[in-house]
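User: I am new to this structure and would appreciate a guided reading of it. May I put a series of questions to you?

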Amino acid sequence: MSAVLQFLKARTIVALILLLALFLIGIELVRPGTVTPLWASNALLFAAPLAIMGAGQTLVMLTGGIDLSVASVATGAAYLLATNASSGDFSAIALALALGLVVGAVNGVGVALLRVQPLIMTLGTGLMTGGAMIVYSQQMLASQPHVPAIIQTLGAGKIFSLVPVDLFLWIAVGALMLYGLNRTGFGRLIFAVGDNREACHLAGIRVWRVLFVDYLLCALFAAIAGLVLVGGTNAADLSLADSYLLPSVACVIIGGTSIFGGRGGYSGTIVGALILTALTSLLTLLDVAEPLKQILYGAIILSLAAAYARLTE
Amino acid sequence: MAAEQDSILDIRGVAKRFDSVVALRSADLKVRAGEVHALMGANGAGKSTLVKIITGVFPADSGDILIGGERKVFRSPAEARQAGIVSVYQDPAIVPDLTVAQNMRLARVGLDAVRTAMRSLGVERVDLSRAAREIDFATLRLIDLSRALASNPRILLLDEITAALPIDLAERVFAVVRDWRKRGASIIFISHRMAEVAALCDRATVLRDGVTVGVTATQGAEEKIVNMMLGTEVAKAAVSGAARAKQTASAAAPALEVRDLACGHGLRGVSFAVRPGEVLGVAALEGQGQEELFDCIAGVRRPDAGEIAADGKPLRFRHPADAVRAGLVLVPANRLQALLPQRPIRENVALPIFGRLKNWGPIAMKDERRRVEEAVRRLQIDTRASSELKRLSGGNQQKVAIARWLAAGFRVLLCFDPTRGIDVGTKRQIYSLLREVAQQGASVLLFTSELPEIRLACDRAIVLFGGRISGEMPADDADEARLLRAAHGLIAADAEATA
Amino acid sequence: MTDVSAADSGGLVRFVSRRTRLLGMPALFVACILATALIHPDFGSFDVQSLALGALPLAMAAAAQTIVVISGGIDLSVGSLIAVSNVLAASLMQHASFGASLGIAVLILILGAAQGAINGLTVAISRIPDVVVTLTTGFIWGGVALLILERPGGGAPAAFLNIAAGADVSAWLPNALIVMIVVIAAIWLPIKLSRIGLLLYASGSDPVAAFRSGVDIRVARTLAYTFGGIACAAGGLALTMTTGIGAPLAGTYYTLSSVAAAVIGGVSLAGGRGGMVGPVIAALLLTLIPMDLVFLGIDPNYGQVIQGTLIVVVVMIGGFVTFMQERK
């Protein structure tokens with residue numbers, strides 16, 4: 001038994017995949033015949049936006065931070081896209097992504113240059129973004145928001161009605177993340193800054209640059225996730241991504257990235273996002289009432305995180 | 001046998017490790033009722049760890065603690081205090097945002113008793129309603145001591161209580177310690193100052209590398225204690241004179257030149273030059289401006305006045321990155337300030353390379369591996385636990401902190417006490433590496449708190465006292481006696497007297 | 001010589017900064033009230049009443065957050081805890097007599113303490129960071145609120161609703177303000193005046209020194225969240241009083257706003273520093289701003305933007321000041 005634990009300790013990703021398998025088995029037990037290629041295709045479709053948002057969250061959590069503005073940014077980007085679709089797909093998408101860059105830059109200035117705690121900084125910018133969107137929506141009542149076809153394809157389309165289109169985006173993001181974190185200087189710096197900021201300073205690294213780019217990227221990923229989401233729902237409302245805040249943090253933590261920074265990576269987040277999607281699916285199959293689902297979801301996340309904390313102790 | 005039974009505190013074979021770093025291997029300590037017992041040892045010998053284990057800050061991995069013959073394990077300092085065992089730790093256990101009086105209430109200590117103790121220590125004028133963060137460090141330690149005394153301890157542990165104290169306050173502390181001995185309390189006294197120990201303590205227990213190596217009466221045993229602390233290995237590690245590069249006066253511009261450098265209260269005007277291929281030793285007692293000196297040269301702090309020049313060019317640093325770019329690189333005293341504990345050796349060694357924006361992109365993995373492997377080989381780093389730095393031994397961690405600069409390249413290596421708390425074999429490797437580096441044309445500025453190292457590793461030595469240079473000598477003349485005289489400002493005083 | 005003058009100017013800076021800390025918030029608030037009177041010359045006792053009433057739940061939420069933050073933690077479940085007691089009150093009190101509703105209120109306060117204790121114990125024992133724990137428990141308590149009352153509804157006896165309405169003492173001293181002060185004092189003073197306050201400030205300021213002084217940090221943290229839970233329950237009751245119904249989603253606003261009020265009110269997120277007066281006034285301020293916007297004829301939805309901006313500006317100024325001090 002202890003040998004097994006030892007093995008899992010050394011290879012936490014294996015533990016995560018086993019956990020995912022456990023959830024899939026659970027789903028099969030609850031309703032045999034559920035786990036089909038089509039089901040998997042849908043699961044991937046839903047997991048992609050979460051995993052893309054989780055990519056940004058992974059980046060900031062690796063530096064010991066957290067970004068609580070991701071949900072507002074995703075919603076805002078989606079809403080900007082839908083309300084500006086009439087002025088052309090390209091400019092609408094550019095505008096949506098620009099929102100991410102602006103919020104990310106503000107977060108970056110606060111966290112990196114002025115050393116505000118990430119929690120409070122991103123809480124504030126989240127509030128600002130959300131509030132600005134409410135004001136904006138009041139002024140846009142007249143116009144008719146719609147989601148560009150290309151974004152709908154991205155968020156809901158499937159090739160051969162099996163392979164979700166957003167999977168390709170996810171694969172691109174994943175490849176970029178895995179390569180960037182492990183094989184580039186910037187990736188090394190993200191781990192280094194999260195592990196020991198002072199050591200980086202003494203080693204001649206301008207820490208603020210790393211953090212600034214980090215928060216910029218996080219918000220950009222959040223904006224992209226918002227586009228995928230709105231493509232999936234085909235309806236932009238101002239609570240579109242609200243329910244994604246907790247999962248975006250949870251999938252990173254379950255994936256084994258330390259909130260104190262310096263340890264973890266994106267591969268864990270990928271599995272974390274899949275586990276959370278499977279969990280949602282399982283709770284839906286159990287046919288419990290929505291409130292109870294919410295309670296179970298939170299409780300399971302807490303127990304997973306606690307178990308993980310024990311395992312890696 | 002009788003002496004054994006006298007022990008009010010009896011520690012047997014206590015061991016403790018933090019991750020893979022062994023702090024204590026097997027510590028024994030027997031303290032009698034009514035004695036002042038010195039706990040001696042070089043930096044990193046495990047004294048503070050032992051103090052924290054005795055008072056329940058953290059548990060021992062193995063070994064026994066007997067108090068009055070009974071086996072005891074305290075789970076917190078509060079429990080230890082209830083049993084009459086109280087410590088004054090190196091960093092005051094005083095909460096900065098509370099007032100002094102609130103701190104006393106927090107520890108459930110009566111204010112009257114504290115005032116009495118403060119009077120005996122000469123700090124009775126401190127306003128108890130002031131926030132602790134506004135009170136200077138020395139006073140804070142005396143308040144911490146007052147609080148300890150107010151809880152009427154049977155066993156009092158003082159961890160380097162005199163380190164930050166001016167001499168008059170230290171005398172007060174000694175008087176109080178003697179007074180409490182008279183009342184039958186036992187005091188465990190940790191200090192680096194041999195004279196204090198000889199004058200104040202009855203017996204001494206010496207730790208070396210986490211093991212108790214001897215117990216002796218302190219009367220007239222200074223030499224013996226020093227030998228036990230150092231072990232015999234340091235003498236063996238002597239580099240032969242031939243190994244040291246014989247420097248002929250070189251006409252080349254100095255690799256590093258410092259003119260009238262001043263910073264804060266610590267550094268008050270220091271000038272010297274380091275030639276290419278030279279190892280310049282810096283010796284000083286604690287807090288004579290050496291931290292400020294190294295910080296200024298490494299770009300960590302900005303000097304208030306003076307000039308730093310490398311290869312004849314004057315430099316101004318706004319960030320350590322500027323110093324690194326100019327080839328002045330720092331190996332800080334505290335390894336925690338240098339290393340990434342959760343990252344592998346490879347990433348730790350390669351770290352400085354990514355300071356430049358142009359290296360943010362894809363890593364040339366092969367080239368990096370080659371560089372890292374070479375640095376690791378030159379330093380003979382044990383790579384068996386290479387996946388997380390915190391699992392390496394202290395000595396290997398220190399080697400990694402040096403290896404990174406070998407991989408990144410430098411002109412002047414600023415080593416601040418690089419051999420603190422590491423074993424003798426590793427020390428020897430570090431000395432010979434510094435020599436090798438110098439032979440290849442780079443320069444080294446080496447501060448060390450262990451004076452014999454100056455002769456072993458350096459070409460020349462300067463001594464700091466009160467923020468100024470109080471002595472300069474070739475390494476051959478830098479025996480401990482001369483260094484110590486200069487470190488106490490005695491040479492400068494002589495010079496002034498004769499002038 | 002230089003030493004002396006440095007110490008003097010340090011003392012002066014300290015003197016001023018201490019006073020600004022103590023007086024800054026009330027001064028800012030008075031200034032805002034005056035500005036409001038200028039914008040809106042009709043500003044009268046009725047507006048003061050509605051300000052106090054509107055700020056009542058937020059003040060409680062700010063109190064809850066302040067207690068937790070001082071102890072070195074953060075509670076992102078404040079909104080959900082408020083929602084739970086809000087819906088609980090509205091569904092239990094709907095057909096109750098006034099006397100019974102007071103009994104129910106006491107019960108809800110006890111339940112709030114229990115919920116807070118669960119939060120605190122989870123933080124203390126699980127080794128998961130407090131941000132993650134309370135983000136998740138917030139989700140769970142939100143589910144509990146939905147379980148109790150799926151959509152807005154319920155009610156409470158008129159006598160209960162009227163506790164905070166109107167102004168019985170003086171037209172300029174609304175009942176809501178009295179309730180606010182009395183309730184928060186009833187929660188905060190026992191903490192502040194007892195050993196518990198010491199424990200909270202100590203463990204927030206320097207957990208290591210606190211531990212070595214004999215504080216059990218886990219106990220201190222659990223206590224902080226427990227008292228925070230009581231204040232949240234009071235906030236939920238206040239929300240019931242001010243809205244007359246229970247709404248399972250009404251609480252969410254208070255999580256962020258409570259952090260905002262604490263930070264603007266001068267409570268350090270690093271723990272160990274701050275008091276209760278600042279956050280409560282900040283809660284009034286955060287309620288006043290949307291009112292002013294209405295008076296100015298601006299979309300009150302700007303309120304949230306301004307609130308976010310206020311937080312960001314306040315913490316950025318703080319960061320900027322320390323940054324400049326370090327450069328020196």
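User: Which residue meets the side chain of D459(B) in a salt bridge?

Analyst: The model discussed here is predicted. In it, the N to O distance of the pair is 3.1 Å, and a salt bridge requires a separation within 4 Å. The partner of D459(B) is therefore within the cut-off. That partner is R435(B).

User: How many residues apart are D459(B) and R435(B), and where does each one lie?

Analyst: D459(B) is in the loop between α17 (452–457) and β19 (460–465) of chain B, while R435(B) is in helix α16 of chain B. This helix covers residues 424–439. The pair thus links distant parts of the chain, the two residues being 24 residues apart.

User: Is R435(B) buried or exposed?

Analyst: Residues under 20% relative accessible area are counted as buried. R435(B) has a value of 4%, and its salt-bridge partner D459(B) has a value of 12%. Because 4% is under the cut-off, R435(B) is buried.

User: What is the distance of the polar contact between the side chains of R435(B) and D459(B)?

Analyst: A polar contact joins N or O atoms within 3.5 Å. The side chains of R435(B) and D459(B) make such a contact. Its distance is 3.1 Å.

User: Which residues are joined into one network by salt bridges that share partners?

Analyst: Over all chains, the structure holds 33 salt bridges. Shared partners join some residues of chain A and chain B into one network. Its members are R188(A), R343(B), R346(B), E347(B) and E368(B).

User: In which helix do E290(A) and K293(A) both lie?

Analyst: E290(A) and K293(A) form a salt bridge, with their closest N and O atoms 3.5 Å apart. Along the chain they are three residues apart, about one turn of the helix. Both lie in helix α14 (residues 290–311) of chain A.

User: Why does K293(A) count as buried?

Analyst: The limit for a buried residue is under 20% relative accessible area. E290(A), at 48%, counts as partly exposed. K293(A) is buried because its relative accessible area is 17%.

User: What is the N to O distance in the salt bridge of R301(B) and D295(B)?

Analyst: R301(B) is partly exposed, with a relative accessible area of 34%, whereas D295(B) counts as buried at 19%. Their side chains meet in a salt bridge. The N to O distance is 3.4 Å.

User: Which residues touch the most other members of the largest nonpolar core?

Analyst: The largest nonpolar core has 258 residues. Its members with the most such contacts come from chains A, B and C. They are I120(A), I275(A), L276(A), L413(B), L483(B) and I67(C).

User: Which helix gives the most residues to this core?

Analyst: The core draws at least three residues from each of domain 1 (2–231) and domain 2 (235–498) of chain B. The element that gives the most is found in chain C, with 15 residues. This is helix α2 (residues 45–70) of chain C.

User: Which residues does I67(C) touch, leaving aside those up to four places away in sequence?

Analyst: I67(C) is one of the residues that touch the most other members of the largest core. Its listed contacts are in chain C. They are I187(C), W188(C), I191(C), L200(C), A224(C), F227(C), G228(C) and M276(C).

User: What separation is found between the centres of domain 1 and domain 2 of chain B?

Analyst: The domain assignment of chain B gives domain 1 (2–231) and domain 2 (235–498). Their centres are taken over C-alpha atoms. The separation is 33 Å.

User: Which element of chain B has the lowest mean pLDDT?

Analyst: The mean pLDDT of chain B is 85, and 91% of its residues reach 70 or more. Among its elements, strand β16 (residues 328–331) has the highest mean, 94. The lowest mean, 47, belongs to helix α10 (residues 233–236) of chain B.

User: Over which residues of chain C does pLDDT stay under 50?

Analyst: Chain C has a mean pLDDT of 86, with 90% of its residues at 70 or more. One stretch stays under 50 and has one contact beyond four places in sequence. Where pLDDT is low, the predicted coordinates should not be read in detail. The stretch in question is residues 1–12 of chain C.

Terms used:
Residues are numbered from 1 along each chain as its sequence is written. Chains are lettered from A and ligands numbered from 1 in the order in which they are written. This is a predicted model: local features need pLDDT of at least 70, side-chain atom pairs count only at pLDDT 80 or more; totals for chains, interfaces and linings use all residues. Side-chain values use heavy atoms; hydrogens and water are left out. Helices (H or I, at least four residues) and strands (E, at least two) are DSSP runs, numbered from the N terminus. Buried means under 20% relative accessible area, exposed over 50%, partly exposed in between (1.4 Å probe, protein chains only). A polar contact is a pair of N or O atoms within 3.5 Å; within protein, one must be able to donate a hydrogen and the other to accept it, and residues adjacent in sequence count only if both atoms are side-chain atoms. A nonpolar core is a set of buried Ala, Val, Leu, Ile, Met, Phe, Trp, Tyr and Cys residues joined through side-chain atoms within 4.5 Å. Domain bounds come from an automatic or database domain assignment. Contact means heavy atoms within 4.5 Å. pLDDT is the predictor's confidence in each residue, from 0 to 100.
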